[in-house]
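Let's take a friendly walk through one structure, going from its cysteines to its sheet, its salt bridges and its core. Please keep the sequence and the 3D view open as you read.

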Amino acid sequence: MKSWSKEIEIEAPIDQVWGLLDGSLEEMQKIMPQVVDHKPVKVTDEGVGSIYRQKYKEGKRIEEYDVETLEYENAPDKKKLKVGFTLAKMFEITALYELCQINQQKTLFTYTCTNRPLKSFLKLFLLFSSDKIVVQFCERVKNVAEEEYKKTNLLV
């Protein structure tokens, strides 16, 4: 199994960032444009154990998989969402999003991703993988959240 983690400060309130991670499909697509569908299969009151059927477009192909909520915390100054899914019967993937309020307009975002190959020949591919995708994702979340925060401040 391989794990990558990246931490970044975002100039936006914690709830603004959280909405991108734990919001509607429309909000999610702002940071994950390849997700083309996200429908609840089973929703629990506490969040943990909820399952969503997600469709992800990679080139011309659309992959469908179930995403399970493994951890969920939604406190005013600290938020956490950990999901897990199996991609193409080849990789078990987890994504952990952690948000900590630094102040009213600033949030610390930590993204941790793990990837466990389910077939032995895939282990070799992970040896050469880098944290590039994790870094790009954090930058995208930062850019979208900050841009949206600026827009809301201009409208007020």
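How far is the sulfur of Cys138 from the closest cysteine sulfur, and in which residue does that sulfur lie? The closest one belongs to Cys113, and at 10 Å it is too far away for a bond. Do keep in mind that this is a predicted model. Seen from the other end, the sulfur of Cys113 has Cys138 as the place of its closest cysteine sulfur, again at 10 Å and too far for a bond. A disulfide would need the two sulfur atoms within 2.5 Å. The search of the whole structure agrees, with zero disulfides found. Are these two cysteines buried or exposed? Cys138 counts as buried, with 0% relative accessibility, and Cys113 counts as buried too, at 12%.

**The sheet**

Next comes the sheet. Seven strands make up an open sheet in the order β1-β7-β6-β5-β4-β3-β2, and the pairing is antiparallel. Which strands stand at the edges? They are β1 and β2 (35-42), and because each has a single partner strand, one side of each is left without a neighbour in the sheet. From one strand to the next, the twist averages 20°. As a general reminder, strands of a sheet pair through backbone hydrogen bonds, in a parallel or an antiparallel way.

Two hairpins deserve a visit here, and they share strand β4. In one of them, β3 (residues 51-58) runs antiparallel to β4, and eight bridges join the two strands. Across this pairing, Gln54 stands opposite Tyr65 in β4. The β3 and β4 hairpin has two residues between its strands, and Gly59 takes a positive phi near 70° there.

The other hairpin is formed by β4 and β5, with three residues between them. How many bridges hold this pair in register? There are six bridges, in the antiparallel sense. If you follow the rungs, you will find Tyr72 opposite Leu81 in β5, while Glu73 stands opposite Lys80 in β5.

**Salt bridges**

The charged side chains are a good next stop. How many salt bridges does a search of the whole structure find? It finds 13. Among them are the three pairs in this table.

| Pair | Closest N and O atoms |
|---|---|
| Glu9 and Lys106 | 3.5 Å |
| Asp66 and Arg53 | 2.6 Å |
| Lys80 and Glu71 | 3.3 Å |

Take the Glu9 and Lys106 salt bridge, with its closest N and O atoms 3.5 Å apart. Glu9 lies in strand β1 and Lys106 in strand β7, so this pair ties together parts that are 97 residues apart in sequence. Glu9 is partly exposed, its relative accessible area being 41%. Glu11 joins in as well: Glu9, Glu11 and Lys106 are linked in a network of salt bridges.

The salt bridge of Asp66 with Arg53 has its closest N and O atoms 2.6 Å apart. Here the link runs between strand β4, which holds Asp66, and strand β3, which holds Arg53, with their positions 13 residues apart in sequence. Both partners are partly exposed: Asp66 has a relative accessible area of 33%, and Arg53 has 34%.

Lys80 meets Glu71 in a salt bridge through their side chains. Is Lys80 buried or exposed? Lys80 counts as buried, with 18% relative accessibility, because the cut-off for buried is under 20%. Glu71, at 28%, counts as partly exposed.

**The nonpolar core**

Finally, let's look inside. The largest nonpolar core has 35 residues, and the members that touch the most others are Tyr97, Phe109, Tyr111 and Phe137. Which elements each supply at least two residues of this core? The helices are α1 (14-21), α2 (25-31) and α4 (132-155), and the strands are β1 (2-10), β4 (61-74), β5 (78-87), β6 (91-103) and β7 (106-117). With seven residues, α4 gives the most to this core.

Phe109 is a handy residue to centre your view on. Leaving out residues up to four places away in sequence, Phe109 touches Lys6, Glu7, Ile8, Ile10, Leu21, Tyr97, Glu98, Leu99, Phe137, Cys138 and Val141. That list brings us back to Cys138, the buried cysteine at 0% relative accessibility.

Technical notes. Residues are numbered from 1 along each chain as its sequence is written. This is a predicted model: local features need pLDDT of at least 70, side-chain atom pairs count only at pLDDT 80 or more; totals for chains, interfaces and linings use all residues. Side-chain values use heavy atoms; hydrogens and water are left out. A nonpolar core is a set of buried Ala, Val, Leu, Ile, Met, Phe, Trp, Tyr and Cys residues joined through side-chain atoms within 4.5 Å. Buried means under 20% relative accessible area, exposed over 50%, partly exposed in between (1.4 Å probe, protein chains only). Helices (H or I, at least four residues) and strands (E, at least two) are DSSP runs, numbered from the N terminus. Contact means heavy atoms within 4.5 Å. Two strands pair if DSSP finds at least two bridges between them. Axes are lines fitted to C-alpha atoms, for helices over the stretch in contact, and angles run from 0 to 180 degrees between N-to-C directions. A salt bridge is a side-chain nitrogen of Lys or Arg within 4 Å of a carboxyl oxygen of Asp or Glu.
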